[in-house]
Amino acid sequence: MMTETERKILEERLHTVQERIAQAARAAGRNPSDVLLVAATKMNDAERVRAAIAAGLTACGENRVQELIEKYEQGAYTGSDLQFIGTLQSNKVKYLMGKVSLIQSVSSVKLAECIAKEAKKHNLCQDILLEVNIGREAAKSGFFAEALAQALETLAPLQTIRIRGLMAIPPISTGTDKSSRYFAEMRQLFVDISAKKYDNVSMDYLSMGMTADFEEAIACGANIVRVGTGIFGARPYLQQ
Ligand SMILES: *Cc1c(COP(=O)(O)O)cnc(C)c1O
């Protein structure tokens with residue numbers, strides 16, 4: 001059970017993040033309501049997630065299918081939007097159908113096709129984002145920038161998925177290699193794809209920025225930020 005103090009701290013952290021998002025949006029000449037905060041809820045139990053929702057959180061993002069199902073069954077996300085933001089295997093897609101409004105982390109044509117197939121079986125149209133491996137890191141999944149055009153051509157005709165934008169997790173920022181460079185590259189891809197006007201593709205969302213860098217991301221055009229630690233504190237142990 002969470003103590004009253006823990007609840008208060010969580011509430012204050014959430015409100016601080018919401019306020020910083022609003023300020024970053026205003027500084028970029030945008031409306032605070034145009035930037036969606038998705039809380040990265042991995043490793044935080046149903047009680048914590050519910051406490052965040054009670055304090056005004058409106059969207060949760062989970063990384064692992066198993067964890068999502070368990071917490072879903074415990075009613076963790078009641079009153080909130082639910083999205084998927086983690087690595088997804090094709091054989092697990094079926095468990096997400098009807099539960100998540102957006103799958104942010106679609107990292108291959110094969111995965112997108114699998115989502116389309118499952119969505120069809122469930123008689124729905126699944127919103128997705130294409131994940132871009134903007135730092136071209138071997139350890140990360142996602143499309144290379146130059147592969148996006150072909151992927152969009154292949155996926156646009158599929159009627160049971162709808163591509164709503166792009167997502168990225170840039171390399172961890174070091175002194176010489178700043179996230180802002182990657183955020184700016186993402187922004188450019190987003191603008192270029194929007195201009196091409198593919199059928200069935202609407203570039204509504206650019207999802208980038210986490211606890212360490214969400215303000216920079218908003219300055220570069222992010223309209224979804226995914227924040228975990230900034231809201232919930234350090235996760236009990238490491239997991240990706
Ligand atoms: C955990 C996670 C985040 C949030 O990371 P923090 O540094 O804790 O804010 C964002 N996006 C994804 C995909 C994550 O897995």
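## Ligand shell and second pocket

In this predicted model, 13 residues surround the ligand, and the closest are Lys-42, Asn-63, Thr-211, Gly-228 and Thr-229.

**Exercise 1.** Find how far the ligand's oxygen atoms lie from N or O atoms in the side chains of Lys-42, Thr-211 and Thr-229. Then decide whether these pairs are polar contacts.

*Solution.*
Step 1. Take Lys-42. A side-chain N or O atom of Lys-42 lies 2.7 Å from a ligand oxygen.
Step 2. Move to Thr-211. Here the distance to a ligand oxygen is 2.4 Å.
Step 3. Do Thr-229. Its side chain has an N or O atom 2.4 Å from an oxygen of the ligand.
Step 4. Apply the cut-off. A polar contact needs N or O atoms within 3.5 Å. The pairs with Lys-42, Thr-211 and Thr-229 therefore count as polar contacts.

**Exercise 2.** What percentage of the ligand's accessible area does the protein cover? Which classes of residue form the shell?

*Solution.*
Step 1. On its own, the ligand has 390 Å² of accessible area, and the protein covers 92% of that.
Step 2. Sort the shell by class. There are five nonpolar, five polar and three charged residues.

**Exercise 3.** Describe the second largest pocket by volume, lining and class.

*Solution.*
Step 1. The volume is about 170 Å³.
Step 2. The lining includes Gln-18, Ile-21, Pro-32, Leu-36 and Thr-58.
Step 3. Two elements, α1 (4–27) and β1 (36–40), each give two or more residues to this lining. The largest share, three residues, comes from α1.
Step 4. By class, the lining has seven nonpolar, four polar and no charged residues.

Notes. Residues numbered from 1 in each chain as written. Predicted model: local features only at pLDDT ≥ 70, side-chain atom pairs only at ≥ 80, totals over all residues. Heavy atoms only, no water. Near = heavy atom within 4 Å. Polar contact = N/O pair within 3.5 Å; in protein donor to acceptor, adjacent residues only side chain to side chain. Areas by Shrake-Rupley, 256 points an atom, 1.4 Å probe, with all protein chains shown as cover. Nonpolar A, V, L, I, M, F, W, Y, C, P; charged D, E, K, R; others polar. 1 Å grid on protein atoms, 1.4 Å probe; cavity = no way out; pocket = protein on both sides within 12 Å on 5 of 7 lines; lining within 4 Å. Points joined across faces, edges and corners; volume = space filled by probe spheres on them. Helix = DSSP H or I, 4+ residues; strand = E, 2+ residues; numbered from the N terminus.
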